[in-house]
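Open your viewer and get ready to select residues by number. We will walk through a few spots together, one selection at a time.

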Amino acid sequence: MPASVQVFDLRADNVANPLAVSGAPALSWKLRSGRPGERQTAYRILVASSPRLLAQHRADVWDSGKVVSAESVAVPYRGPATGVGRRNYWTVEVWDARGILSGKAETGWWETGPAQPADWAGAKWITPDTGAAYAWQDFVLDVDFTIKAAAASVVFRATGPDDFLMWQVNAAEAPGKVLLRPHAKSHGSFALLGETDLSPVITPQNAGAPHHLRVEARGSTVVTAIDGTQVDSRTVDVRTGTVGFRTSISQGTPEAAAYDDLAVHGLDGALLFADDFSSTPDSRFPGAPVTDGKLEPQGDPILLAQSPDAPLLRHEFVLDKPVASARAYVYGLGFYELHLNGGKVGDQVLSPGSTPYDKRNLYDSFDVTAQVHKGPNAAGLWLGNGYGPRFSQYGFRWTGPKQGILALAVTFTDGTRRTITTDGSWRWSDGPVTANDLYAGESYDARLQQAGWDRPGFDDAAWHPVRLATAPSPSLTGSTAPPIRVVRTIRPVSVQQPRPGVYVYDFGENFAGWAQLRVAGPAGTTVRMRTAEEVASDGTLDTATNRNAASTDSYTLGPARGVQVYEPRFTYHGFRYLELTGYPGTPDLGSVAGRVVHADVAGTGHVETSDPLLNTIWANNRRAVLNNSMSLPTDNPVRDERTPPGMDVQAYHDASVLDFGMDAFYGKYLLDLPPGTALPSDDGNAQLPDMGGGSVDLAWSLYEQYGNLTRLAAAYPAMKTFVDTNAAAYPGFIWPDDRGFGDWCPPDRSPNAGGGQGNPSAGDCFSERSIVNTALSYRQAQDVAKAARALGNPGDATHFADLAAAIAAAFNAHFLDAAGTTYGDGRQTSSILPLAFGMVPPDKVAGVGAKLADTILKKNAGHLDTGIFGTRYLPEALAKAGRIDVALTVLRQKTYPGFGYEIGRGATTPWEQWTYESGMETHDHAMFAGINAAFYTQFAGITPASPGYASISIAPQVPAGLGHVAASIDTVRGAVASEWTQTGCRFDLTVTVPANTTATVTLPTGTRIPVGSGTSKFTARHCA
């Protein structure tokens, strides 16, 4: 009898063919069968060192033998550990419900990455040695300057703050004259070298106009020109040093000047350094303000920073044999790109992932077999600032030097191996990225490109040596998180010119990423791209939601002929609109493109209903989750924050794990922020149920969705500690109303709301803190009890179940009114959470549900009155009360407050607050996206009845007035789908259940029907 089961989608640690597994992987597979009710009765895992051996069923690494089990998710590998870079090929055989062996399955593989320092073959951490990189003796300095008060002073040949030359153009020292006053400062003492009357070029009448200064230093001779006219030549002491600016007081007037287009060339014309001050803050002159693209330094002196903003590091090597395979294991801080033989390695961006850098670092792994070869080769590292010192104090920051490590492991065709590593022989230089910052943007000067820097044979004689650096943490492990990639390219839908030379593009949707520019023009032309979520009434950018993020990228054209293409590499923005200025000629819709960037997570869920507004709500929420998924979840991609929001994730992760494959993404997040952990500078929130407690619920949710017991076991100790600590801190179990955040950001009901427009004073985000934190503490105790049962700890399970019951009893005694129909102050969330969490006494559910529905429909006119937690659980609460129709009424509202109002205002992602304007606002916040879970779990009715969807519940909630819902989830066991149509009193339901699972279908009539795998159809009489 032929087999009826096919095995497919083999995964190790829920990743297809991973390059750097740490330890023993968990192996998973899916089953496909055309036979209804099919299931697996046994499996056999075979692991071999080559595909040939595996094809011969010669499992020379590990053979599990036949295991009688239906398990197909996160099955532990129990074979021997294998060497770094060794590929393990594996497959699985399964026996079906009739005991028949499956046909041949596909082959998967995994490799083990470096896990111990010895695995790195002596690779060293390296960083640019900047000792003499920005110090020059002979050069030509050019800079534009404008005196705003008294004088402009340019510093050069500076060896430190007490030793330098300073050329000052002074309009205050001598009445009726403007003077060039050269100075030398040695060992802290100033000497005036002379004075030159500049009246041939600068007078008191034009002193405040823009001028150009050129200083040529050649040995002991310094020649000075202003506005193209030589005004001075003198002999000075020869010294080597850097450049900068200085301010002081002249004749009682504080000096002030603005500078632009600073450039230092060698005497041979080679460009040594340039800064057009297009970024703010300017990384090369930290602390000096930039206004309208001009530096306005204040200090004595302000010197050029001696750390490069985006250095290039390179190394050449020769391979003397043909290459069979090659792997690159690499890590660079803050961001990095790896280059080999003229090309970037891999397609991921904004690497490495953000972590607590002093605790653990996640290297990336690449198969680079096709990028190295016998003969000369070259490797390069391009480093950026990443999450550097200017990043938010509430995020993980790297404040050390830019540094990297690389092990390039090559296996030759004769079986021998060689590893090329970072060491002291590498060299470095500045590159064309002159400034990069997550908030400010990136500046790129194509005139500074060094063609061929990442190819063998490049002349790096003028480059500088590197030095060895200290490892940032004791832990360097392979990353299994989904890489960040450019996942889509979108075209603008329109371009307008609200002012001469200012072009504003609309991409039609809010997204995270950057713009790609196509431009042709003269070398030295600078084009600027500034982003925002909104436009003002006059068509110009409205940057209010950017807050202090400049969000500006600039590109200075190089000498190449024809169209030049640029896009940033070390920054990103959240935006819909792009302002283009400085463009040579007239740009069109083809001049820019939007590059959508986020963690490359698979889309696993889909929803479609008969109501276009519901479909848009789902799509907008889904888009916001993606825009806020980088290497960590972010609060928003727009303003100067973008930090991991524990509270937000707690409110929306139930939705994101249905919309997307978030196993590895949230697995990393749990290691970065385990239960009871606060963000940097935020220790006071570590033990809050609404903040640090989010990871308790997340750990259980991941197990429920993905079935990985090992990950749950790793999180369990912290889960227990968190819940027990809070129970001890509040023995009465009721949280005070002055701690935590509560139902964050409910609608503003004051006059500031202005019908939804709001104003800068609108918004009062703290709400119902005691009720929310007490209810969440109940849920978290429940989660730990369930985890204890799953892990086989019956004593713990009883303890935490009893604790949850005690919290619920205290909650009802404290908050439930005498009539038994409402909680707390009666606001919606006060009843939503206890209903959704199952805290309401069974005999009170009907009364509490009826009162909640009445509050929504009458007091709030059918609108929500909820923050992030109340909104998340509103449909669940109303479903338990038998009033899912009220949830539909709320979702369909098109006036303030509600998703429909936002969409009517053009929103393509949910706002931070329900008003358009507020005291704290972006229009791309995922914290309200949690309601997407209800489209799957309530309207379609799909929930896991056991972890990893080994069994499934399908119980759709059917509100009056909604004619059709279709939802599907690609689970770890295969696709689950629920699709229903309500026509008059006829209800039709089609469900799809993957092989090796079972489901219980509950019709709106209450009839429960067990089904096996396959597609089943049901019809019932139901008048919604």
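Which residues in H11 meet which residues in H12? Keep in mind as you look that this is a predicted model.

**Stop 1: two helices**

Select residues 868-880 for helix H11 and residues 884-891 for helix H12. From H11, show the side chains of Leu874, Pro875, Leu878 and Ala879; these meet Ile884, Val886 and Ala887 in H12. By class, this contact has seven nonpolar residues, with no polar and no charged ones.

Now turn the view to compare the directions of the helices. Two packed helices are described by the angle between their axes and the distance between the axes. Here the angle is about 150°, and the axes lie 7 Å apart. Angles over 145 degrees count as roughly antiparallel, and H11 and H12 are therefore roughly antiparallel to each other.

**Stop 2: a sheet**

Next, select residues 5-12 for strand E1 and 75-76 for strand E5, then add residues 26-33 for strand E2. You are looking at an open sheet of three strands, in the order E1-E2-E5, with antiparallel pairing. Strands of a sheet pair through backbone hydrogen bonds, either parallel or antiparallel.

Which strands stand at the edges? They are E1 and E5; each has a single partner strand, so one side of each is left without a neighbour in the sheet. Between E1 and E2, the antiparallel pairing runs over six bridges. To see one place where residues face each other, pick Ala12, which stands opposite Leu27 in E2.

**Stop 3: the largest cavity**

How many cavities of 30 Å³ or more does the structure hold? There are nine, and the largest has a volume of about 120 Å³. Select Gly646, Tyr669, Leu673, Thr677 and Met691: of the 16 residues in the lining, these lie nearest the centre of the cavity. Then colour helix H3 (646-659) and helix H5 (694-706), the elements that give two or more residues to this lining. By class, the lining has nine nonpolar, six polar and one charged residues.

**Stop 4: the second largest cavity**

Finish with the second largest cavity, which holds about 80 Å³ of space. Its lining includes Phe722, Tyr730, Trp735, Ser777 and Leu803. Colour helix H6 (709-729), helix H7 (769-790) and helix H8 (794-815), since each supplies at least two lining residues. Which helix gives the most? H6 does, with four residues. This lining divides into eight nonpolar, three polar and no charged residues.

Definitions and conventions:
Residues numbered from 1 in each chain as written. Predicted model: local features only at pLDDT ≥ 70, side-chain atom pairs only at ≥ 80, totals over all residues. Heavy atoms only, no water. Axes fitted to C-alpha atoms, helices over the stretch in contact; angles between N-to-C directions. Parallel < 35°, antiparallel > 145°, perpendicular 65-115°, else oblique. Contact = heavy atoms within 4.5 Å. Nonpolar A, V, L, I, M, F, W, Y, C, P; charged D, E, K, R; others polar. Pairing = 2+ DSSP bridges. 1 Å grid on protein atoms, 1.4 Å probe; cavity = no way out; pocket = protein on both sides within 12 Å on 5 of 7 lines; lining within 4 Å. Points joined across faces, edges and corners; volume = space filled by probe spheres on them.
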